[in-house]
Amino acid sequence: MQYKRILLKLSGEALMGERQYGIDPKRLAEYAEEIKEVIDKGIEVAIVIGGGNIFRGLAGASNGMDRVQGDHMGMLATVINGLALQSALEESGVQTRLQSAIQINEVAEPFIRRRAMRHLEKGRVVIFGGGTGNPYFTTDSAAVLRAIEIEADVILKGTRVDGIYTSDPEKDKNATKFDTITFKDVLTKGLKVMDTTAFTLSQENELPIVVFDMNKKGNLLKLLSGENIGTVVDN
Ligand code: UDP
């Protein structure tokens, strides 16, 4: 296997499946199966989940809401998604723990690094909810931060496109995909992988990022088995 400990970043929108809002139980069950496959191979899996399928602080702010208030709502949305994913994983027979960056003790454990790492060693999937716990950040930043903290080998960003392209493949049919690209080239070519804060944190800490299509069945395991799936961003 290519990596021993991974951090998987899933956007909230990915959980919508065919829907316009909220959570699609079918999609959730599919993700749970994909994750179970890699757990069964002995890979340690941590997950950071977004909240964009429910609420984004920026969207609230654009409608006149206080930004911090909106971000608190967004962070709570990630906890809701985390609970949903936790249920789906346990349904598939995977042991899990949900750790939240905001105190919500009746619902989730607080984020404690050593405890999270111990859970991973025991084969439990650790889901990190609540983002970084701070407004003005994104769950991409939370994903990189947690990945570095728990000493993950890589961050896998599951998206609906199968990698990084020269231009947006949904708009430009001449766009070509990179198998690998350096952090520097992403910046000089003006490509978008994550928001700048998250991207820089990853670059500075030499944490590779793999962008891949999480909606294609079997892709996660293939990627971890060393198949040429997605695009690897590295130094
Ligand atoms: N958020 C935040 N701090 C964080 C992470 C998230 O305030 O550290 C809030 C922010 O309002 C964001 C929302 O939670 O819009 C949902 O997260 P994100 O937009 O990253 O979710 P995704 O796009 O991955 O679904």
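Two strands are said to pair if DSSP finds at least two bridges between them. That rule serves the exercises below, which concern a predicted model.

**Exercise 1. Find how strand 3 and strand 4 are joined, and then place strand 4 in the sheet.**

Step 1. Between strand 3, residues 96-100, and strand 4 there are 2 bridges, and the two strands run parallel. Since pairing asks for at least two bridges, the two strands therefore count as paired.

Step 2. For a single pair of residues in this arrangement, take Ser-100, whose bridge partner in strand 4 is Pro-110.

Step 3. The sheet as a whole is open and made of 9 strands, in the order 4-3-5-2-1-6-8-9-7, with mixed pairing. Strand 4 (109-110) and strand 7 stand at its edges with a single partner strand each, so that one side of each has no neighbour in the sheet.

**Exercise 2. Describe which strands are joined to strand 9, and in which direction they run.**

Step 1. Strand 7 (residues 180-182) is joined by 3 bridges to strand 9 (residues 231-234), and these strands run parallel. Within strand 9, Asp-234 is the residue that stands opposite Thr-182.

Step 2. Strand 8 (residues 209-213) is likewise joined to strand 9 by 3 bridges, but here the strands run antiparallel. In strand 9, the residue opposite Val-210 is Val-232.

**Exercise 3. Decide whether the overall dimensions of the protein chain agree with those of a compact globule.**

Step 1. A compact globule of 235 residues would have a radius of gyration near 18 Å, and the protein chain has 17 Å, so the two agree.

Step 2. Along the principal axes, the C-alpha atoms of the protein chain fill a box of roughly 50 × 45 × 35 Å. The chain has 8 helices and 9 strands, and 44% of its 235 residues count as buried.

Step 3. Turning to contacts with a separation of 6 or more, residues 24 or more positions apart account for 71% of them in the protein chain.

**Exercise 4. Work out what each domain gives to the contact between domain 1 and domain 2.**

Step 1. The domain assignment gives domain 1 as residues 11-152 and domain 2 as residues 160-202 + 212-235. Taken over C-alpha atoms, the centres of the two domains are separated by 21 Å.

Step 2. Domain 1 brings 12 residues to the contact, and domain 2 brings 10 residues. On the side of domain 1 that touches domain 2, helix 1 (25-39) and helix 5 (139-149) each supply at least two residues, and helix 5 gives the most, with 5 residues.

Step 3. By character, the residues on this side of domain 1 divide into 7 nonpolar, 2 polar and 3 charged.

**Exercise 5. Establish how far helix 5 is covered, and by what.**

Step 1. Helix 5 is mostly covered, for 9 of its 11 residues are buried. Among them are Thr-139, Asp-140, Leu-145 and Arg-146.

Step 2. The elements that cover these buried residues include strand 1 (5-10), strand 2 (44-49), helix 3 (67-91), strand 5, strand 6 (154-159) and helix 7 (196-204).

Step 3. Just after helix 5, Glu-151 takes a positive phi of about 60°.

**Exercise 6. Locate the residues that UniProt lists under "binding site", and compare the surroundings of Gly-133 and Phe-137.**

Step 1. In an unreviewed entry, UniProt lists for "binding site" Gly-51, Asp-71, Thr-132, Gly-133, Asn-134, Pro-135, Tyr-136, Phe-137, Thr-138 and Thr-139. Although these residues are spread over 89 residues of sequence, they cluster in space, and the largest C-alpha distance is 14.1 Å.

Step 2. Gly-133 lies in the loop between strand 5 (125-129) and helix 5, and Phe-137 also lies in the loop between strand 5 and helix 5.

Step 3. A residue is buried if 20 or more other C-beta atoms lie within 10 Å of its own, and exposed if 12 or fewer do. Gly-133 has 16 C-beta neighbours inside 10 Å and therefore counts as partly exposed, whereas Phe-137 has 20 and therefore counts as buried.

Step 4. Not counting residues up to four places away in sequence, Gly-133 touches Ala-101 and Ile-102. With its neighbours within four places in sequence left aside, Phe-137 is in contact with Gly-131, Thr-132, Ala-142 and Thr-197.

Conventions. Residues are numbered from 1 along each chain as its sequence is written. This is a predicted model: local features need pLDDT of at least 70, side-chain atom pairs count only at pLDDT 80 or more; totals for chains, interfaces and linings use all residues. Domain bounds come from an automatic or database domain assignment. Two residues are in contact if their C-beta atoms, placed from the backbone, lie within 7 Å. Helices (H or I, at least four residues) and strands (E, at least two) are DSSP runs, numbered from the N terminus. Ala, Val, Leu, Ile, Met, Phe, Trp, Tyr, Cys and Pro count as nonpolar, Asp, Glu, Lys and Arg as charged, and the others, Gly among them, as polar. UniProt positions are given in the numbering used here, feature names are shortened, and annotations may be inferred rather than shown by experiment. The radius of gyration is taken over C-alpha atoms; the globule rule is 2.2 Å times the number of residues to the power 0.38.
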